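Me: I'd like to learn how to read this one feature by feature. Can we start with how the chains meet?

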Amino acid sequence: MIIDPKGSIPIFQQIAAQMRQHIALGVYKPNESLPSLRSLAADIQVNPNTVQKAYDELAREGLVESRRGAGLFVVDRPSAVGATQTEKRIHRQLSRVIADGLRKRIAPERIRTLFREALDSQVAATTRSTT
Amino acid sequence: MLRTLIWKDVLANRFQLLLAATLLVASYGAAATLALLDPSQAAQPGGRQVAGFLLSGSLLSHAVAQLSLAVLSGNLIAGERANRSAEFLAYLPPSRGMVLRAKATVLGILALLLLLIPLGITGLGALFPGGLPWPTSDRAIARTEVFIWAMGFCASGIGWLASCCLQSNAVAILFALFSPFILATLIRIVIQSTESTAILLAANFSIGLAGFLIGTIHYLNRVEP
Amino acid sequence: MTTNLIEFSAVTKKFKNHRALDSLSVQFKKGSTVGLLGPNGAGKSTCLKMMLGLLRPTSGSVSIFGWDLWSEGPKIRQQIGYVPEDPWLYPWMTVRQVLQFASSMYERWSSALAEDLLVHMSLPPECLVKNLSKGMRMKTALLVALAHRPRLLILDEPMSGLDPLARDDLVEMLIKLRDEETECILLSSHQIDDVARLADEVVILNAGKRLVHASIDELIGTTKRVEAVLLDGRLPERVLQQTVWQRVDRRNWSMTLHPFDAAMVDTLVEANPISSTTVVDIGLEQIFKDFIRGAAPCCAP
């Protein structure tokens, strides 16, 4: 895991994003434990509080859960709570991008077309990779 | 805490202490050599010879002790500034007062040793048959002794003051060593009389005292360690 | 009841003609790791030395752990671990003698912890301090600071003068060896990425004044660069109040805004002759630079 401390993305978000990717790619499988706070913090050379924040976010999304005394484990299947969180995030990010486009005087119809194109190509890519 | 500080100061000044010990022993060596070379001494009975050389050795060592004390006092505080270890001590818990107390203790103990050891050795002279009575110029010896220690007190006081104020221990030591002579010259110039001895004595003592006091007050209040 | 571990109240410090701290007010709470950032001469070292009772404020007051600083210096130093910029311990002592010496100064010294740290840091116990490399001296000073389980750990430019490997080593050490007893860590540094990694909060000082004190994530989230394109031959007419820094270069008007709100872009567009705007996220280093450079007057083309 590589963190860019100078970057404009808060470090805890970088960690969370890379963790999400690891989980999606199967580096951490369901019911496997995540590295402990201290060991990950020492590994990537970051304040343990920051790692805690990242882990908290993953837990809030329902991707991981805390098991008594044993740390954080990858959840078997993402919970409904997790799905809602992801949906909220998608909405937030879409709103930002759309607002930006509108500000740059791109017509709403054009934005709608761009959105459809992006959605179609992503669905196609995901379908390809799971077959 | 104080004990560790004293241990530290002893080790930090081990060369100065070694110098003091060497000079102490060397004084007796020098006195013995002079006694052997002096024909008038050879004429004296054996016991008195020994007592005589012990006494002159002690006198010499007392004189030389002032040099040792001046060198130590000049090095005590400024020495730590010169090698930057004063900065380390500054952020440790001990207060400045305690730091100074430890140094004063080391200086005081050395002074006491350099005073008492020669006196003790002189006393040994009494054990030798024919060693007593003392040489007749008793009074003169006593006066010389007081004078020597007064000059030494002045030197140490100025050394202490310079050490408290300056960055360089070498300069502090030089100030210490020269101060009694500069003082004597100044007084001889100002007071053109034969009774300047008593004044000189008082001046040495007060300058020494002032040096210790002002140096201490300055050190306790200054910003840099 | 205050939970402020450290409190500076309108502290001014004057050195002869130079004002090192200018009516500085800042508080640090329990549980925070704070990075103190600022250019040379900003007052970082002065601030830290004051916390150790080594300097007295010209005006204002400093309290640590609720105690007044100047009168309780020794008591406060018992609970502070300090690593200065270029630590110089007694050059004639061995590492072990340094530990022996320090152990008798601190009431809370743990010999077991000291031994542990000695091994962990691979320090040669019988080596004379004067023969240690800079990195090893840093570690020795850090060992002394940590072995008495301080409530407050203060590090003044810990990375300066260390080669990249030694720096990595030290960062790892600082993360691994965080003690539960340590309630607050203060770190002053020029190295923005080290501060970003190690600290939760950041205080930016400049010329003795506090420019900003915020959590790093919050600062990054609420400080944005806005790039606006000016219309031909026109100059900016109304600068926003939240402008930290700005510059005009031909038709490009760049500014850094804090605290940023999306609505500000609209206000900017309404009040100025600009054709388009772009909002850019910026990182801690750029934010620091912009705060320091400050708001500059618009330059005429």
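Reply: Sure. The size of an interface is often given as the accessible area lost when the parts come together. Here we'll go by residues in contact instead, in a model that is predicted: 19 residues of chain C touch 16 residues of chain B.

Me: Which element of chain C gives the largest share of the side that touches chain B?

Reply: Helix 2 of chain C, residues 73-77, with 3 residues. Sorted by class, this side of chain C has 15 nonpolar, 3 polar and 1 charged residues.

Me: And what is chain B built from?

Reply: Chain B has 10 helices and 0 strands. Of its 225 residues, 40% are buried. Look at the contacts in chain B between residues at least 6 apart in sequence: 82% of them join residues at least 24 apart.

Me: How many residues do chain A and chain C each put into their contact?

Reply: Chain A gives 16 and chain C gives 24. On the chain A side, the elements supplying two or more residues are helix 1 (11-25), helix 2 (37-44) and helix 3 (48-60). By class, that side of chain A has 8 nonpolar, 5 polar and 3 charged residues.

Me: Let's stay with a helix, then. How do I read which way its residues point?

Reply: An α-helix has 3.6 residues a turn, so residues three or four places apart point the same way. Now take helix 1 of chain A: its buried residues are Ile11(A), Phe12(A), Gln14(A), Ile15(A), Ala16(A), Met19(A) and Ile23(A).

Me: What covers those buried residues of helix 1 of chain A?

Reply: The cover includes helix 3 and strand 2 (71-74) of chain A, along with helix 7 and helix 8 (216-222) of chain C.

Me: Why does a span of 21 Å agree with the 15 residues of helix 1 of chain A?

Reply: Because at 1.5 Å a residue, those 15 residues should span 21 Å, and the end C-alpha atoms of helix 1 of chain A are 21 Å apart. Just after helix 1 of chain A comes Gly26(A), with a positive phi near 90°.

Me: On to sheets. What should I look for?

Reply: Strands of a sheet pair through backbone hydrogen bonds, either parallel or antiparallel. In chain C you'll find an open sheet of 6 strands in the order 6-7-8-3-9-10, with mixed pairing. Strand 6 (80-83) and strand 10 (209-215) of chain C are the edges, each pairing on one side only. From one strand to the next, the twist averages 15°.

Me: Do strand 3 and strand 8 of chain C run parallel or antiparallel?

Reply: Parallel: 5 bridges join strand 3 (residues 32-37) to strand 8 (residues 184-188) of chain C. For one pair, find Val34(C), whose bridge partner in strand 8 of chain C is Leu186(C).

Me: Which strands of chain C does helix 5 of chain C touch?

Reply: Helix 5 (residues 134-146) packs on the sheet against strand 6 and strand 7 (152-156) of chain C, and its direction makes about 175° with that of strand 6. Helix 10 (residues 284-293) of chain C also packs on the sheet, touching strand 3, strand 9 (201-206) and strand 10; its direction makes about 30° with that of strand 9 of chain C.

Me: Last one: how is chain C divided into domains?

Reply: Into domain 1 (4-218) and domain 2 (223-293), with 37 Å between their centres, taken over C-alpha atoms. In chain C, 9 residues of domain 1 are in contact with 5 residues of domain 2. By class, the domain 1 side of that contact in chain C has 8 nonpolar, 1 polar and no charged residues.

Definitions and conventions. Residues are numbered from 1 along each chain as its sequence is written. Chains are lettered from A and ligands numbered from 1 in the order in which they are written. This is a predicted model: local features need pLDDT of at least 70, side-chain atom pairs count only at pLDDT 80 or more; totals for chains, interfaces and linings use all residues. Two strands pair if DSSP finds at least two bridges between them. Helices (H or I, at least four residues) and strands (E, at least two) are DSSP runs, numbered from the N terminus. Axes are lines fitted to C-alpha atoms, for helices over the stretch in contact, and angles run from 0 to 180 degrees between N-to-C directions. Two residues are in contact if their C-beta atoms, placed from the backbone, lie within 7 Å. Domain bounds come from an automatic or database domain assignment. Ala, Val, Leu, Ile, Met, Phe, Trp, Tyr, Cys and Pro count as nonpolar, Asp, Glu, Lys and Arg as charged, and the others, Gly among them, as polar. A residue is buried if 20 or more other C-beta atoms lie within 10 Å of its own, exposed if 12 or fewer, and partly exposed in between; C-beta atoms are placed from the backbone. The expected span of a helix is 1.5 Å times one less than its number of residues.
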